[in-house]
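Please open the model in the viewer and keep the sequence at hand. The tour proceeds by selections, each followed by a description of what is found there.

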Amino acid sequence: MIHRVTTVVLALSALGAAPAQAAGATRAAGDVQVGGLTVEHQVDPLGVDDAKPRLGWTLSAHARGAGQSAYEVEVSTTRDGPADVWDSGKVRSSRSFDIEYAGPALRSRTRYFWRVRVWDAAHRASRWSRPARFETAFLTPGEFRGTWIGSPSKPADIPLTGADWIWYPEGEPADSAPVATRYFRRAFDLPAGDRVTSAQFKLSADDRFTLYVNGKETARSPDVADSWNTATVVDISDDLRSGRNVIAIEAANAAAGPAGLIGRLHVQGSTGDPLDLVTDDAWKSADTAATGWQQPDFDDSAWPAAMEAAHYGDAPWYSSVSAPSPPEPLLRREFTARKRIASARAYIAGLGYYKLYLNGKRVGDHELDPAFTVYDKTVLYSTYDVTKALRAGGNALGVSLGRGYYAMTKPGEWNDSPWHSDPKLKLELDITYEDGSTQQVTSDGGWKAADGPTRTESVLYGETYDARLEQPGWNRPGFDDAAWKPALAVTAPKGTLRAAAFPPIKVTGRLPVKRVTAPRDGVRVHDFGTPTAGWARVAMRGPAGAVVSITYGEKLRSDGTVDNAGLQSYSYTLKGGGLESYRPSYSYNGFRYVQVDAPAGVTVASVQGERVHTAVTATGGFTSSSRLLNRYHDAQANTTLNNLHSIPTDTPMYEKRPYAADAHLTADSAIASFDMVNFYENWMRTHRDDQNPDGTIGHTVPATVGAKGVTDPVWSASFVLINWDLYWYYGDIRPLADNYGAMKKWLDHYEQTIAKTGHIYTGFSYGDWLAPGAAFPPEGTRLVGTAYIYKTATTMAQIARALGHGGDAAHFDALAAKTASAFNATFFDTSAKAYHDDRSAGYRQTSNLLPLSFGLVSKADRPAVLANLVNDIRTRGDHLNTGALGTKIILPVLTDSGNGDLAYKVATNPTYPGWGYWFQALGATTMWEEWQNTSRSHDHAFMGTVDDWLYQRVAGIEPAAPGYTKIKIQPHPIGGLKNASGHVQSPLGRVSSAWTLDHGRFTLRVGVPVGATAEILVPARDRDAVKAAPDAAFRGMRDGYAVFQVGSGDYSFHSAK
């Protein structure tokens, strides 16, 4: 701990030097004002668990060149009271962000108020800021009271032993059956006068089924991939009667291959022995659906007996049908508030997801909470102010739990994770009364549990909901819970409890339907116009027991129905009696289209889309005279948001996995457009938590057990590169200090690996993934793997210097030098002046872009290497030929080498491959996964890195020192653009650049926040062609730009090109 604090102090010192005023700058007129107060990068946060929270503020001033020379912070226990907690005194420093609290130890569960004043560059004090506040949660995790509790429900125990897989008698259905739908019936009698107490039917079909009991649709299997692996268990007791009963099942084989239906019905009556009915050759079958075939009085005497395709346990299905997981647990507890309430806080960790209710009303607006973490290392909890939700007298707490990733069973890829378990809850409610006394309610043995109406759920596959099983009032006081069972004390997760410190997932907007189609009777497809992430709220009316299917997808099949790729399928069983509304609780979807399949008798009243993602704040923007470039920016911003769900995902529809390279490639544009600091801080801790003993990190973070073994220095470079991004863009040094040892261990592994192979990486990598016409790159992956080891070694040297580890920095420099030497000796063709991995693949753009971008090309060879790159691009008709890695850097490399107009042509080329093809030929509105028109995903951000170029080259905004304490603004008026503008939010405030080009006259307007200095590069033939403010100091000409140095403020420059 002492080491960490020391390194932070060193870095603060490095960043804390007061920015020099530009030559001739006007001194501030004493009008510096303080605002924008934050604690841990949040405004007035509730539930801070850092013992030394970081404080920050921004400054404003009318005068240019203003700055801060000192500050004073006061912390109090009352809003307008004295500094009874801490007064920093006057601290000489220009730093105004990430100031660690340095007063007496803070107390847990306490509200604090604070304010700050500063001294300007002329040492004149500002007014005090308005008070801000923060409230601590548990500064020591062990203070969080309450037992972890869960549901006593267990998976349904209905064995399929003795049942057969049956099918219509044709061929060998266990080997292969045609794509077709087949129909099955089975009649049986129940004794007169016997009352059915339970009738559990466990069934499955390869590929799907619809179940009818006495003519009434009762259940459907999810329309998802491999749904046969998990059986459906449905209680049909309400649909049975004395005498003759008929079960009818429609089963579909969706793809050529094995086909079968299997099930067991267990009926328990009030008298006599139970009845067990299994699928066998006593069932009747048909290959066509005659009118009324589901009804009990239908004559099936002409139907042939079903064929027994295989006994349960035999090939090809073996014993692979698992029981479904128990339904969502509902947990409740009533209590009495004895006095008048002054304040109340609820602290909750509900795994995998929770919904909290107090007196029947939902608490908060978080969705899919808590965040996905490595649960045996970190478990996040949330804090809620529930003062207004409580009342004197009787109260009731209610919590429903979803499986999330923590308890996911379908797919089963997370089952082997050491943290995987069943849903569970830990809760503490603290009440403070007006007389100062307190009361506490915690999760313990006094809670009751029951099954909820969400019967099955999966983040990937969707949910099954039976509204007939709702228990109105279960989360209100006075509910009769006599039939509920006591909640069980369960094993606690091993992870440390931490307060969630980054934005939660929320519903962030409503989405109107743009168009509705009807591809077949009873089916309506609702088109929302663009791919997004979230869900739809569907309102409907119909009889009890009717089943409505809701399917989400980004694309349509040829018949106009939604292609959900075997994912994202929902089933809702109506309770009847009026208008009903449904939306998912424990899953989300990537979609443009929502298909609602309603049976006869059901009316769909409305379908309202809701956008759902981590609610990061928008902080940046770009616009220009090109509608196409503006569309690119909007698309990347939306695609980024669609892939933020507590982790950065690759796609909101398909894997929904946190692929590490997708995130580090898109980090620049994400940080430019949104406040990502706390989001990425959390994800960097997740990297540390998920690190393998040998230092490696899997290709996704968190990773399944299998994915932890897929190690790639390019993909997992996210650990080093995004930690550096946090420092470079935000000046945030704490993640560097916290993760330094783990990052060093990661690089040590690859240093040892390449030492055995001449400093060339020969292991696994995805390489330049998804170049045109390829998945894995045809040139191989040695070059890119080695290049990224060099890149991370140079970055680690910078990190080591920032932390004051000079010896480590020298070591990393030496590693980079050895790697660079081996790289050039192995891959550079000195005669052709080009880099190759596998030469048989021919010239590859990315193989040359990486050394150009990373600084691996010698100064002497750089012009020739660039010329070959330009020639290849022009030979291809001004097209890129890059995958995700090369795509990120092709436009900056071209622009920085004086080929900006060619970069513009590549960016806007309307033919394949490229962004212009997506947006102009195919009508894209988001970024896609692949360049071709058959791209699987239509919501994939890692090819949208053109947005980096828009911010940093077209608008020209870049940091020149950590946290934008120094700024570089160098716009590029290229491609016939008439104007462009961009802005980002730095820790010091807003940075902006806006330029216009009108009949050869170039005008640039820039905004520099108080506390920063900026280097402004204005396109011009010479100094005399530029009109600038007197306090903009001319520093010389550079590559066709006049260079000026300025302090804070707004400036205008005019030049005749």
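Begin by selecting helix α10 together with helix α11, which covers residues 884-896. In this predicted model, the two helices pack at an angle of about 120°, and their axes are 12 Å apart. The crossing that α10 and α11 make is left-handed. To view the contact itself, display the side chains of Leu866, Leu869, Val870 and Ile873 in α10, which meet Ile890, Val893 and Leu894 in α11. The residues of this contact comprise seven nonpolar, no polar and no charged.

Next, keep α10 (residues 862-875) on display and add helix α9, residues 845-854. The axes of α9 and α10 come within 10 Å and cross at roughly 145°. Here too the crossing is described as left-handed. On the α9 side, select Gln845, Asn848, Leu849 and Leu852; their partners in α10 are Arg862, Val865, Leu866, Leu869, Asp872 and Ile873. This contact of α9 with α10 divides into six nonpolar, two polar and two charged residues.

One of the α10 residues deserves a separate selection. Is Asp872 buried or exposed? Asp872 lies in helix α10 and counts as buried because its relative accessibility is 12%, under the 20% cut-off. Leaving aside residues up to four places away in sequence, Asp872 touches Tyr843 and Gln845.

Now move to helix α8, residues 806-827. How far does α8 reach from its first C-alpha to its last? The 22 residues of α8 span 31 Å, close to the 32 Å expected at 1.5 Å a residue. Colour its buried residues, which are Asp808, Ala809, Phe812, Leu815, Ala816, Thr819, Ala820, Ala822, Phe823 and Phe827. To see what surrounds them, show α6 (734-755), α7 (782-802), β47 (828-829), β48 (834-835) and α9, against which the buried residues of α8 pack. Helix α9 thus appears again, having already been seen in contact with α10.

Finally, zoom out and colour the chain by its domain assignment. The assignment gives domain 1 (32-136), domain 2 (164-311), domain 3 (326-502), domain 4 (506-614), domain 5 (617-954) and domain 6 (963-1056). Select domain 2 and domain 5 as a last pair: their centres, taken over C-alpha atoms, are separated by 53 Å.

Terms used
Residues are numbered from 1 along each chain as its sequence is written. This is a predicted model: local features need pLDDT of at least 70, side-chain atom pairs count only at pLDDT 80 or more; totals for chains, interfaces and linings use all residues. Side-chain values use heavy atoms; hydrogens and water are left out. Axes are lines fitted to C-alpha atoms, for helices over the stretch in contact, and angles run from 0 to 180 degrees between N-to-C directions. Helices (H or I, at least four residues) and strands (E, at least two) are DSSP runs, numbered from the N terminus. A crossing is left-handed if the near helix is turned anticlockwise from the far one by less than a right angle, and right-handed if clockwise. Contact means heavy atoms within 4.5 Å. Ala, Val, Leu, Ile, Met, Phe, Trp, Tyr, Cys and Pro count as nonpolar, Asp, Glu, Lys and Arg as charged, and the others, Gly among them, as polar. The expected span of a helix is 1.5 Å times one less than its number of residues. Buried means under 20% relative accessible area, exposed over 50%, partly exposed in between (1.4 Å probe, protein chains only). Domain bounds come from an automatic or database domain assignment.
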